[in-house]
Amino acid sequence: MELRTLSKQILYLPATSQPLSADVGIIRGDKFVWIFDVGSNDEAVDIIQGIDREKNIILSHFHEDHIRNLERISYKGMYCGDYTKFKLQKGTEVQAPITYEDGVKLTLFPIPSIHSKGTIGLEVNDEYAFLGDAVYGARKNGKVVYNINILKEMITTLEKVKAQQFLISHDAAFMQPKAKVIAELKGLYKMRKPGEAYLFLESNDV
Ligand SMILES: [Zn+2]
């Protein structure tokens, strides 16, 4: 896998399936290079360690394929959601949307996510939003499960995001229009059954 360019300031290393490693976003600020998820493969370590500037790390959620390399890289600050901080016992917790200006505008924000507790996203220049695995359901016994209340909160949160391009980890189409992603989530919400808190789908449906 090679680094790909999204804009003048944004690059990413695509996800791999063997080993399972998330997409790694690299945003060049004036003062720092900001890394969104650090992946789990050696390639990501080489690329991150090859950056000879100070780095700040943002972790979308605590799953291994997004964070395992953390111990193998050097960095200045690390930002994450509440549950990730609890698991790692370190980092600056993102409790509400917070914006940093570093030649790029970076907005870190919590996302109610069925896939994982303590999920956060990163909006860059109001154009792109890194979402990690936020939009995925949870896997249970070969099915994908959606908690309907969280799904609704997630849709509300993502509708407020200004960026029109959503960046979805592990998806062959890493960059997807916001409108398409929201429409798909609303489609899932419509499939809910009255009085049922969860929606179950066969895993090959999604
Ligand atoms: Zn993942």
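Along the chain, the donors of the zinc ion follow the spacing D-H-x66-D-x36-H. In this predicted model, the protein donors are D65 (OD), H66 (NE2), D133 (OD) and H170 (NE2), and they lie 2.0 to 2.2 Å from the ion. Two of these donors show how the site joins distant parts of the chain: H66 belongs to helix α2 (residues 64-67), whereas D133 sits in the loop between β13 (128-132) and β14 (138-140), 67 residues apart. Both H66 and D133 are buried.

The geometry of the zinc site deserves a separate remark. Ideal angles at a metal are 109.5 degrees for four tetrahedral donors. Here the angles among the 4 donor atoms run from 81 to 165°, and the site is irregular. The site fails the tetrahedral criterion because that criterion requires all angles to lie between 85 and 135 degrees.

From the metal, the description turns to the aromatic rings. A pair of aromatic rings is described by the distance of the centres and the angle of the planes. The count comes to 10 aromatic pairs. One of them is formed by W34 and Y100, which are tilted at 35° between the planes, with 5.6 Å from centre to centre. This pair links distant parts of the chain, since W34 is in strand β6 (residues 33-36) and Y100 is in strand β10 (residues 98-101), 66 residues apart. W34 counts as buried, at 3% relative accessibility, while Y100 is partly exposed, with a relative accessible area of 22%. An edge-to-face pair is formed by F62 and Y83, with 5.1 Å centre to centre and 70° between the planes. F62 lies in the loop between β7 (55-58) and α2, and Y83 lies in helix α3 (residues 82-88), so this pair ties together parts that are 21 residues apart in sequence. In addition, ring pairs link Y12, F36, F130 and F174 into a cluster.

Helix α1 (residues 42-49) illustrates how a helix packs against strands. Its residues A44, V45 and I48 are buried. These residues cover an arc of only 100° around the axis, which puts them on the same side of α1. An α-helix has 3.6 residues a turn, so residues three or four places apart point the same way. The packing partners of the buried residues of α1 are β2 (10-13), β5 (24-28), β6 and β7.

Charged side chains complete the picture. The whole structure contains 7 salt bridges. Among them is the bridge between R68 and E64, at 2.9 Å from N to O. R68 is partly exposed at 43% relative accessibility, and E64 is likewise partly exposed at 45%.

A second example joins the side chains of E202 and K143, at 3.0 Å from N to O. Because E202 lies in strand β18 (residues 198-202) and K143 in strand β15 (residues 143-147), the pair ties together parts that are 59 residues apart in sequence. E202 is partly exposed, at 40% relative accessibility, and K143 is partly exposed too, with a relative accessible area of 32%.

A further bridge lies within a helix. E184 forms a salt bridge with K180, and their closest N and O atoms are 3.2 Å apart. Since E184 and K180 are 4 residues apart in helix α5 (residues 178-190), about one helical turn separates them. E184 counts as partly exposed at 44% relative accessibility, and K180 counts as partly exposed at 39%.

Technical notes: Residues are numbered from 1 along each chain as its sequence is written. This is a predicted model: local features need pLDDT of at least 70, side-chain atom pairs count only at pLDDT 80 or more; totals for chains, interfaces and linings use all residues. Side-chain values use heavy atoms; hydrogens and water are left out. Donors are N, O and S atoms within 2.8 Å of the metal (3.2 Å for Na, K and Ca); water is not among the atoms, so sites may look incomplete. Four donors count as tetrahedral if all angles lie between 85 and 135 degrees; four count as square planar and six as octahedral if opposite donors are over 155 degrees apart and all others between 65 and 115; anything else is irregular. Helices (H or I, at least four residues) and strands (E, at least two) are DSSP runs, numbered from the N terminus. Buried means under 20% relative accessible area, exposed over 50%, partly exposed in between (1.4 Å probe, protein chains only). Rings of Phe, Tyr and Trp (its six-membered ring) pair if their centres lie within 6.5 Å; planes under 30 degrees apart count as stacked, over 60 as edge-to-face and the rest as tilted. The arc is that of the directions from the helix axis to the C-beta atoms. Contact means heavy atoms within 4.5 Å. A salt bridge is a side-chain nitrogen of Lys or Arg within 4 Å of a carboxyl oxygen of Asp or Glu.
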